[in-house]
Amino acid sequence: SAELLALLERALGEVEFDHITLTGGEPLARADFFAVMELLKRHDTDAFVISNGGLISDEIAAKLAGYSLRGIQVTLNSTRAEEHDAVVGGAHFEATIAGIRALRAHGVPVVGSIVVTRKNADQVGDILDLWRSLEVETVALSRFSPAGYAAAHVAELLPSRHTPAEVARYVPADTLAHLSLAGLMQAVRGESGVTYCTSCFT
């Protein structure tokens, strides 16, 4: 909308952003998505887009390649269409796979995501193999968040608490351990004075 674009224009003029994350819902479903991308481009600001990938055609992927993107994050929750779609709602799996392939074909950086739930915890290794076959090298395992479609299915999706040894049965890893918030902050400590948001962990 004109109001959104005016607000973003003002923010970009007053604040020096490292990058802007576009999420939703599905950001590519907005009619003004590429108007926002043009605005970011004009202000020399990178974008990071969180998408389900289902609306990304070859034409859209080619257009996205013309912008400065930190990445397009796409989630795969299973290697099987019916199980992926059962988690996200609707029929998206095949379109999502096609979208990922289109992005890769046009050199757009893709960041994979797996939302770990009770239903797919034993498939994480297979899903990682699927990401590898799609030539996506960066994949994040995300915690389940009972929001949107998932909010109505918490009981069947919410993972139970397991020990690292129990989790290791499902997730192939060299090292696996619980990390405290203090330990996390120590591990990612960068330049002096740099701070990180911890709202997701507190």
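**Exercise 1. Strand partners**

Find the residue of β3 that stands opposite Ala47, then work out how β3 pairs with its neighbours.

*Solution.*
Step 1. Start at Ala47. Opposite this residue, in β3, stands Leu69. Keep in mind that the model is predicted.

Step 2. Look at the whole pair. β2 and β3 run parallel, and 5 bridges join them.

Step 3. Follow the chain from β2 to β3. The unit they form with α3 is a right-handed β-α-β unit.

Step 4. Turn to β4. β3 and β4 are also parallel, with 4 bridges between them. One residue pair to locate is Val74 with its bridge partner Gly112 in β4.

Step 5. Check how covered β3 is. Of its 7 residues, 5 are buried, so the strand is mostly covered.

**Exercise 2. The aromatic cluster**

Search the whole structure for aromatic pairs and describe the geometry of each.

*Solution.*
Step 1. Count. The search gives 2 aromatic pairs.

Step 2. Take Phe33 and Phe34. Their ring centres are 5.0 Å apart, and the planes meet at 85°. Planes over 60 degrees apart count as edge-to-face. The pair is therefore edge-to-face.

Step 3. Take Phe34 and Tyr67. Here the ring centres are 6.0 Å apart and the planes stand at 35°, so this pair is tilted.

Step 4. Place the tilted pair in the chain. Phe34 belongs to helix α2, while Tyr67 sits in the loop between α3 and β3. The pair therefore ties together parts that are 33 residues apart in sequence.

Step 5. Join the pairs. Phe33, Phe34 and Tyr67 are linked into a cluster by ring pairs.

Step 6. Ask about exposure. Phe33 and Phe34 are both buried. The cut-off for buried is under 20% relative accessible area. Phe34 has 15%, so it passes. Tyr67 has 11% and therefore also counts as buried.

Step 7. Look for charges over the rings. Lys63 lies over the face of Phe34, at 4.3 Å from the ring centre. Lys41 lies over the face of Tyr67, at 5.3 Å from the ring centre.

**Exercise 3. A buried aspartate**

Decide whether Asp32 is buried or exposed, and find what it touches.

*Solution.*
Step 1. Locate Asp32. This residue lies in the loop between β1 and α2.

Step 2. Read its accessibility. The relative accessible area is 10%, so Asp32 is buried.

Step 3. List its contacts, leaving aside neighbours within four places in sequence. Asp32 is in contact with Ser1 and Leu4.

Step 4. Zoom in on Ser1. Its backbone nitrogen lies 2.3 Å from a polar atom of the Asp32 side chain.

**Exercise 4. Backbone exceptions**

Find the cis peptide bond and two residues other than glycine with a positive phi.

*Solution.*
Step 1. Recall the rule. Most residues other than glycine have a negative phi, and most peptide bonds are trans.

Step 2. Find the cis bond. Gly24 and Gly25 are joined by a cis peptide bond, with omega about 15°. Gly25 is in the loop between β1 and α2.

Step 3. Go to Asp44. Its phi is positive, near 55°. Asp44 is in the loop between α2 and β2. With 72% relative accessibility, Asp44 is exposed.

Step 4. Go to Glu135. Its phi is positive too, at about 65°. Glu135 lies in the loop between α6 and β5. Its relative accessible area is 54%, so Glu135 is exposed.

**Exercise 5. The buried side of a helix**

Name the buried residues of α6 and what covers them.

*Solution.*
Step 1. List the buried residues of α6. They are Val124, Gly125, Ile127, Leu130 and Trp131.

Step 2. Think about spacing. An α-helix has 3.6 residues a turn, so residues three or four places apart point the same way. Compare this with the positions of Ile127, Leu130 and Trp131, which are among the buried residues.

Step 3. Find the cover. It includes β3, α5, β4 and β5.

Step 4. Look past the helix end. Glu135 follows α6.

**Exercise 6. The whole chain**

State how many helices and strands the chain has, and how its contacts spread along the sequence.

*Solution.*
Step 1. Count the elements. There are 9 helices and 5 strands.

Step 2. Write their order from the N terminus. It reads α-β-α-β-α-β-α-α-β-α-β-α-α-α.

Step 3. Give the buried share. Of 202 residues, 33% count as buried.

Step 4. Take contacts with a separation of 6 or more. Of these, 66% are between residues 24 or more positions apart.

Methods. Residues numbered from 1 in each chain as written. Predicted model: local features only at pLDDT ≥ 70, side-chain atom pairs only at ≥ 80, totals over all residues. Heavy atoms only, no water. Buried < 20%, exposed > 50% of the residue type's maximum accessible area, 1.4 Å probe, protein only. Helix = DSSP H or I, 4+ residues; strand = E, 2+ residues; numbered from the N terminus. Contact = heavy atoms within 4.5 Å. Polar contact = N/O pair within 3.5 Å; in protein donor to acceptor, adjacent residues only side chain to side chain. Phe/Tyr/Trp six-rings, centres within 6.5 Å; stacked < 30°, edge-to-face > 60°. Lys NZ or Arg CZ within 6 Å of the ring centre and 35° of its normal. Pairing = 2+ DSSP bridges. Right-handed = clockwise from strand over helix to strand, strands pointing away.
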